[in-house]
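Biologist: I would like a close look at a single part of this chain, the aromatic residues that sit together and what surrounds them. Please describe that part with care and then place it in the rest of the chain.

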Amino acid sequence: MREYVKSLLYKIANYCNYSFYFKRLLCYNGRMIDKIVSLFKALNANVNPGEIAHAFSCGILLGFMPKNNLLWYIVFVFIFFIRINKPMYLIMVLIASTFAPVMDNLFDNVGYALLTVPSLADFFGMLLEIPFVAFTKFNNSVVIGSLIVGLILYIPMYALGRVLVFLWRKHIAQAIRHTKLAKTIAKLPLLSKIAGMVGGE
């Protein structure tokens, strides 16, 4: 069943002309499908919109950051123990990671501006003398810049996340349920339950 679902989702991605990276997001493996189904369950259930919106923001924050440093893992573990919607969190990490390279110049400029503030030079020098702190690569302009941008965008993305949850529950789910594609999928016995989750039934 899982392989059939993966094949169908990939066909849908091709039909809708999604990007290569979004196809990977949909069809990467069975676990990702499980996460997407869990996300639909949360969107259509009485899950607190704040938990989903926080996961939306946290995923963007972590996805923007480069993965080859200790700071990324510290933030990942810290966020993972916060009460948020984990499927949304992990999916947004993948999506934000896809677009992060496009924003590297912005991250570099923001990070460089912070690291070259004269009044902070002694503070940064002191941090580098602390054991293991250098492994966070906070002195890398892209690493610290992506963290700062993610923090700045946190509240706006949280607000956007709540708006999207509201729109999904009030309008989008119903609209999708009445599309020809959704009705066709709903007729397939193996996918009837998944179609019901998407449609909010």
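Modeller: What follows begins with the aromatic residues, moves to the loop beside them, and then turns to the rest of the chain.

The model is predicted, and every value below should be read as computed from that model. A search of the whole structure finds nine aromatic pairs. In one of these, the ring centres of Trp 72 and Tyr 73 lie 5.0 Å apart with their planes at 80°, and because planes over 60 degrees apart count as edge-to-face, this pair is given that label. The two partners can also be described by their accessibility: Trp 72 is buried, since its relative accessible area of 11% falls under the 20% cut-off, whereas Tyr 73 has a relative accessible area of 45% and is therefore partly exposed. Both residues belong to one aromatic cluster, which is formed by Trp 72, Tyr 73, Phe 76, Phe 80 and Tyr 89. A charged side chain is found at one of these rings as well, for Lys 86 lies over the face of Phe 80, at 5.4 Å from the ring centre.

The loop between α4 (49–64) and α5 (70–80) holds Asn 69, a residue that is buried, with a relative accessible area of 3%. Its side chain has polar contacts with the backbone at two places: the side chain of Asn 69 reaches the backbone oxygen of Pro 66 at 2.8 Å, and it also reaches the backbone nitrogen of Leu 71 at 3.2 Å.

To set this part in its context, the secondary structure of the chain comes to eleven helices and zero strands, and buried residues make up 38% of its 201 residues. Trp 72, at 11% relative accessible area, and Asn 69, at 3%, are among the buried residues.

Further along the chain, the loop between α8 (121–128) and α9 contains Phe 132, and Lys 137 is placed in the loop between α8 and α9 too. Most residues other than glycine have a negative phi. Phe 132, however, has a positive phi of about 75° although it is not a glycine, and the phi of Lys 137, likewise a residue other than glycine, is positive at near 55°. As to accessibility, Phe 132 is exposed, with a relative accessible area of 62%, while Lys 137, at 32% relative accessibility, counts as partly exposed.

Asn 105 is in helix α7 (residues 104–115) and, at 61% relative accessibility, counts as exposed. Although Asn 105 and Ser 141 are 36 residues apart along the chain, their C-alpha atoms are separated by 9.9 Å.

Finally, the surface carries a nonpolar patch, formed by Leu 160, Val 163, Leu 164, Phe 166, Leu 167 and Ile 172, with about 470 Å² of accessible area together. One of its members, Leu 160, is found in helix α9 (residues 141–177) and is partly exposed, with a relative accessible area of 35%; because that value is over 30%, Leu 160 passes the accessibility cut-off used for patches.

Notes:
Residues are numbered from 1 along each chain as its sequence is written. This is a predicted model: local features need pLDDT of at least 70, side-chain atom pairs count only at pLDDT 80 or more; totals for chains, interfaces and linings use all residues. Side-chain values use heavy atoms; hydrogens and water are left out. Rings of Phe, Tyr and Trp (its six-membered ring) pair if their centres lie within 6.5 Å; planes under 30 degrees apart count as stacked, over 60 as edge-to-face and the rest as tilted. Buried means under 20% relative accessible area, exposed over 50%, partly exposed in between (1.4 Å probe, protein chains only). A charge sits over a ring if NZ of Lys or CZ of Arg is within 6 Å of the ring centre and within 35 degrees of the ring normal. Patches are made of residues with over 30% relative accessible area and no salt bridge: like charges are joined within 9 Å, nonpolar side chains (Val, Leu, Ile, Met, Phe, Trp, Tyr) within 5 Å. Accessible areas come from the Shrake-Rupley method with a 1.4 Å probe; for residues, only the protein chains shown count as cover. A salt bridge is a side-chain nitrogen of Lys or Arg within 4 Å of a carboxyl oxygen of Asp or Glu. Helices (H or I, at least four residues) and strands (E, at least two) are DSSP runs, numbered from the N terminus. A polar contact is a pair of N or O atoms within 3.5 Å; within protein, one must be able to donate a hydrogen and the other to accept it, and residues adjacent in sequence count only if both atoms are side-chain atoms.
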